[in-house]
Amino acid sequence: MNHLIDILTFTVEEINQLINTSLDIIENPEKYSEKCKGKKIATLFFEPSTRTRLSFEAAMLELGGSVLGFSEASSSSASKGETVSDTAQVVGCYADIIAMRHPKEGAPYAASLHSPVPIINAGDGGHNHPTQTLADLLTIKREKGRLDNLTIGFCGDLKFGRTVHSLLQAMCRYENIKFVFISPDELKIPDYLRQDVLDKKGIPYVETANLEDVLPQLDILYMTRVQQERFFNEADYIRLKDSYILTAEKMTLAKPDMAVLHPLPRVNEIAVEVDQDPRACYFKQVMNGKIIRMALIMKLLEVE
Ligand code: CP
């Protein structure tokens, strides 16, 4: 059974294939309009979402398939104590593929162990978000023309930001990648990524608290929101939430072709004035997310 639990499930070659299929979908959308006719995706979202859930649903509809699911745990039998494993086995009787988001790290993996249909991790706690990474990779490829030879700055909540964790692991597999981690001390990347991924592979990186100092070096600036829902202490969230705000003035320090990415939702960390800057790519990222999820659904369902 094919599942997508973390981004390293796929080889670089498989990711290249997904990107190539996405580029073909953009050029020839009509070719794909009935690829999943008769197929159903279930979106099981135990945690809020706008983009991921709706883009999976839009992706399946654009492939000619159908959708079912729920958007909050309280409207499912999880509220009566049903496990994610049982839920997946039940929903596998109704749908051909499942996209699952859950606040607990590892829940989609647990669901995949006995699922009769492919499980896609649509975000598990502060851990991973592999399909956001696919959207990010397609965006970087389209904007920069390459996935290697890049200096990538991650800014904001690098501790709880699951999109950062997944994209970092994905980018480590390309040549000549340098990372710049910009965060307050309390929100630095987790030790397991620093030690088990970056240090082990000898990937160059610097950590800093100052965005302005490093902006001129960056090819990509990946902004993130401070993840209020993962904090145990409201006072800490309030103290840290506005640590970084990207403004039009700060953008004058950046390279003329730097790409600004953000998985969204944004709160305060990118001023609305930056949206007019041609380097702002976060709404393009949203569209790319729907397209590469179409490619992903076809891959996991083994559609020709
Ligand atoms: N990027 C992302 O995961 O957005 P949602 O939480 O709206 O799905």
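## Close-up views of a predicted model

**View 1. The residues around the ligand.** Ser49, Thr50, Arg51, Thr52, Arg101, His129, Gln132, Pro263 and Leu264 surround the ligand. The model is predicted. By type, this shell divides into two nonpolar, five polar and two charged residues. Arg51 and Arg101 are in the shell, and arginine counts as charged. Pro263 and Leu264 are in it too; proline and leucine count as nonpolar.

**View 2. Polar contacts to the ligand.** Start with Thr50. One of its backbone N or O atoms lies 2.8 Å from a ligand oxygen atom. Next comes Arg101. Here an N or O atom of the side chain is 2.9 Å from an oxygen atom of the ligand. Then look at His129. An N or O atom in its side chain is 2.8 Å from an oxygen atom of the ligand. The protein buries 91% of the 260 Å² that the ligand exposes when taken alone.

**View 3. The pocket that holds the ligand.** Which pocket does the ligand sit in? The ligand sits in the largest one. Among the residues around the ligand are Ser49, Thr52 and Gln132.

**View 4. A salt bridge between Lys144 and Asp257.** The side chains of these two residues meet at 3.5 Å, N to O. The pair links distant parts of the chain, 113 residues apart. Lys144 belongs to helix α5, residues 130-144. Asp257 is in the loop between α10 (248-251) and β9 (259-261). How many salt bridges does the structure hold? The count is 17.

Key. Residues numbered from 1 in each chain as written. Predicted model: local features only at pLDDT ≥ 70, side-chain atom pairs only at ≥ 80, totals over all residues. Heavy atoms only, no water. Near = heavy atom within 4 Å. Polar contact = N/O pair within 3.5 Å; in protein donor to acceptor, adjacent residues only side chain to side chain. Areas by Shrake-Rupley, 256 points an atom, 1.4 Å probe, with all protein chains shown as cover. 1 Å grid on protein atoms, 1.4 Å probe; cavity = no way out; pocket = protein on both sides within 12 Å on 5 of 7 lines; lining within 4 Å. Sits in = over half its atoms within 2 Å of the grid points. Salt bridge = Lys/Arg side-chain N within 4 Å of Asp/Glu carboxyl O. Helix = DSSP H or I, 4+ residues; strand = E, 2+ residues; numbered from the N terminus.
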